[in-house]
Amino acid sequence: MSTTASDPLSALGALPGVADAVDSVRKAVDRVYGHRVMRRRSNEVTAEAALRGARGSAALSGADWNLEEVRRRTDFGGDGEAHVIGAALRLTAEAGQLLSIWRQSPLRVLARLHLVAASGAAPDDAVGRPRLAGEPVDEPLIEVPLPDADEVAGRLEGLSGLILSGTAAPALVTAAVVHGELLALRPFGSYNGLVARTAERIVLIGSGLDPKSICPAEVGHAEQGRAAYVAAFEGYLSGTPDGMAAWIAHCGRSVELGVRESTAVCEALQRGAA
């Protein structure tokens, strides 16, 4: 994060194009929340958004399963892809339970998310804690050089401090920075992408932008494709104004695509087809 303003997240909100992305996301979210189905069946939309968001996040982590297969399966043991799908499902279920803790201790939440994701798929002594010096990281999509363990610790503390100190930045900006920083750090030995996207979800819910968790950005990230995701993330890594703005806009477009997905769910429920 390259700005030195007193409220660095707010300063990012002033980058060219970011205000337009924020406005577009807000309008899209307001539209789906205004759908008549949301007055009566919002819990069903939330549940379907969680399922579809988990499927999208898992797809970015290399487990690109058909939605109906994800819906049908009950056993996610066995091969690596099944573990990824199971981890993504557990994380989306966990996200809404951690909002109050996130506001008090973001690092505790990140540790909990990794514990939930990696349970049964990683050595017990490596689960739920940042990686130590020399420990490897399994993150197939993100191949940029890893920060060392000391840098990870320092930047995690810095990210936590930004969240705890509060910001006037729009929720989209905060969510995009949390997501991007966790991808950049890859603080755990595994499942960092899943954790980063779940943290983005937590920010969007907790900020009040998407309190019912019906706008799954993970769907949009997957729909735009792995190549576009990596390219936008490289903009975040660059730390340049244009690069940061491009990453925030990419995250905004992902939320809008998630809104489109949930709008389709609302329409299907209204027709009695879902």
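**Group meeting: helices, core and cysteines of a predicted model**

I begin with helix H2, where the face turned away from the buried side carries the exposed residues Asp20 and Arg31; buried here means under 20% relative accessible area and exposed over 50%, with partly exposed in between, using a 1.4 Å probe and protein chains only. Please keep in mind that this is a predicted model, in which local features need pLDDT of at least 70 and side-chain atom pairs count only at pLDDT 80 or more, while totals for chains, interfaces and linings use all residues. Residues are numbered from 1 along each chain as its sequence is written, and side-chain values use heavy atoms, with hydrogens and water left out.

On the other side of the account, the buried residues of H2 are Val18, Ala21, Val25, Ala28, Val29 and Val32. They cover an arc of only 100° around the axis, which puts them on the same side of H2, the arc being that of the directions from the helix axis to the C-beta atoms. As a reminder, an α-helix has 3.6 residues a turn, so residues three or four places apart point the same way. Helices, I should say, are DSSP runs of H or I with at least four residues, strands are runs of E with at least two, and both are numbered from the N terminus. H2 covers residues 18–33, and its 16 residues should span 22 Å at 1.5 Å a residue, which agrees with the 23 Å between its end C-alpha atoms; the expected span is 1.5 Å times one less than the number of residues. What covers the buried residues of H2 includes helix H1 (8–13), H9 and helix H13 (241–271).

That brings me to H9, which has 15 residues and reaches 21 Å from its first C-alpha to its last, close to the 21 Å expected. Since 15 of the 15 residues of H9 are buried, this helix is largely enclosed by the rest of the structure. Just after H9, Arg186 takes a positive phi of about 45°.

Which residues touch the most other members of the largest nonpolar core? Among its 87 residues, they are Trp102, Leu110 and Trp247, and the largest share of this core, 11 residues, comes from H9 (residues 171–185). By nonpolar core I mean a set of buried Ala, Val, Leu, Ile, Met, Phe, Trp, Tyr and Cys residues joined through side-chain atoms within 4.5 Å. Leaving aside neighbours within four places in sequence, Leu110 is in contact (heavy atoms within 4.5 Å) with Trp102, Leu156, Leu182, Phe188, Val195 and Ala199.

Leu110 is also one of the buried residues of H7, which include Pro106, Val109 and Leu113. The cover over the buried residues of H7 includes helix H5 (80–95), helix H6 (99–104), helix H8 (149–165), H9 and helix H10 (192–206). Within H8 sits Ser160, which counts as buried at 8% relative accessibility and which touches Pro106 and Leu107, not counting residues up to four places away in sequence. Just after H7, Gly120 takes a positive phi of about 85°.

Finally, the cysteines: the structure holds 0 disulfides, a disulfide being a pair of cysteine sulfur atoms within 2.5 Å. The sulfur of Cys266 is 9.4 Å from the closest cysteine sulfur, in Cys215, which is too far for a bond. Cys215 counts as buried at 3% relative accessibility, and Cys266 is buried with a relative accessible area of 0%.
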